[in-house]
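Me: I'd like a close look at one spot in this model, with the surroundings filled in afterwards. Keep it relaxed, but give me the cut-offs.

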Amino acid sequence: MTQAEGARIGRSVLFTPWAARGVALANRFVMPAMQRGACAAGAPLPALADYYRRRVQGGVGLIIGESCAIDHPSATCQPAAARMAADTQAAWAHCVAGVRDAGGHLLIQLWHEGALRRADDGGTISPSGLARPGQDNGRAATLAELVELREAYATAARRAQDIGAAGVEVHCAHGYLLDQFLWAGTNRREDGYGGDVMADRLRFPAEVVAAVRAACGPDFLISLRFSQWKEVDYTARIAPTPDDLALLATTFEVAGVDVFHASTRRFWTPEWEGDPRGLAGWLKAFTRKPVIAVGSAGLDIDVMATFTGSDEPRPRVAETMAEAERRMAAGEFDLLAVGRALIGDPDFVAKVGEGRDGDVRGFVRADLGQMEWDADIVEGAHHE
């Protein structure tokens with residue numbers, strides 16, 4: 001690395017150290033959970049462990065493993081989905097060890113599909129049997145089933161702790177189970193766990209976090225990924241007002257959350273009119289805890305456009321990194337998650353740190369169908 005190439009590392013807040021709950025990072029980059037389909041019977045294949053390790057070698061200090069279903073029959077019926085169960089622990093331990101040996105940390109993301117589960121077997125449960133307002137799927141969970149689910153989250157977290165994971169991330173976003181509790185449109189319960197009152201809708205997700213904290217003790221890192229938008233409704237909001245967002249932050253902080261992961265489709269989009277702060281920036285104003293921002297870092301179209309649109313993503317590395325630097329320096333968030341851009345180039349962080357933004361290999365849709373591209377064939381083929 002030349003002196004010129006190393007300029008960003010010396011000046012950018014993105015390349016300053018960060019630490020919490022025993023997780024020490026050399027920079028502020030995180031790889032968020034992304035479904036790669038490299039699991040068999042719920043256990044990650046060796047290729048997934050190699051994939052995680054390779055991103056650490058490319059400069060990412062914190063890896064969040066792909067959504068991992070808790071061990072409950074209602075959690076998922078996707079054949080390629082990851083699970084955290086007694087018979088998958090050894091394979092996850094291999095992932096944890098690979099990341100650790102490369103100098104990184106791995107969080108296991110705990111997940112339940114709720115009413116987005118697609119099976120006509122009577123096993124789909126959620127707060128109110130609603131996948132979205134007006135769209136029934138499955139049935140409302142009983143109070144006894146809420147106890148089962150809460151314990152299943154805690155058990156999954158203990159299993160992650162037992163194999164050496166640095167922590168867990170509780171998936172509370174994008175319209176899945178815990179997010180369905182937070183969203184008034186899908187939570188119409190009248191038993192103190194739902195309805196129009198935000199505090200009631202927060203109750204069960206906060207109990208899940210508290211159960212994980214009680215099961216794993218004070219030194220285990222707990223991240224919470226949440227979103228306003230849902231895969232079934234981009235305009236949805238669990239927190240219609242800043243006051244609602246403040247209550248969310250306070251409630252989860254008391255329950256035991258160490259890090260908030262504010263999921264947006266574009267991290268720079270203002271959350272409320274008249275203020276330039278995104279969701280992460282608003283949340284940061286209401287919590288003492290670190291905040292991760294995520295959404296289209298390095299690219300020109302958001303994640304859902306990748307799946308539903310026809311245009312190929314184009315790199316926007318320099319522009320989005322400059323925006324992230326500015327906002328992080330202003331105190332809007334503490335860490336930046338980079339998703340699809342890291343699928344496209346495992347050395348994204350190293351290249352950005354060396355000032356080689358133009359050398360980043362751009363992500364394309366075809367990358368979703370393979371764990372790694374052939375560097376000998378396509379190195380540099382997707383530069384803009």
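Where is Ala-41 found, and between which strands?

Reply: First, a heads-up: this is a predicted model, where local features need pLDDT of at least 70 and side-chain atom pairs count only at pLDDT 80 or more, while totals for chains, interfaces and linings use all residues. Numbering runs from 1 along each chain as its sequence is written, and side-chain values use heavy atoms, with hydrogens and water left out.

Ala-41 sits in the loop between β4 (39-40) and β5 (43-44); strands are DSSP runs of E, at least two residues, and helices are runs of H or I, at least four, numbered from the N terminus. Its phi is positive, about 50 degrees, though Ala-41 is no glycine. Most residues other than glycine have a negative phi. Ala-41 counts as exposed, at 60% relative accessibility (exposed is over 50%, buried under 20%, partly exposed in between, with a 1.4 Å probe and protein chains only).

His-174 also has a positive phi, about 65 degrees, but this residue lies in strand β14 (residues 167-174) and is buried, with 9% relative accessible area.

As for the interior, the largest nonpolar core has 102 residues, and Leu-336 and Phe-348 have the most contacts inside it. Such a core is a set of buried Ala, Val, Leu, Ile, Met, Phe, Trp, Tyr and Cys residues joined through side-chain atoms within 4.5 Å. Helix α6 (residues 198-216) supplies the largest share of this core, eight residues. Phe-348 touches, among others, Phe-29, Val-317 and Val-360, where contact means heavy atoms within 4.5 Å.

Notes. Lists of a residue's contacts leave out its neighbours within four places in sequence.
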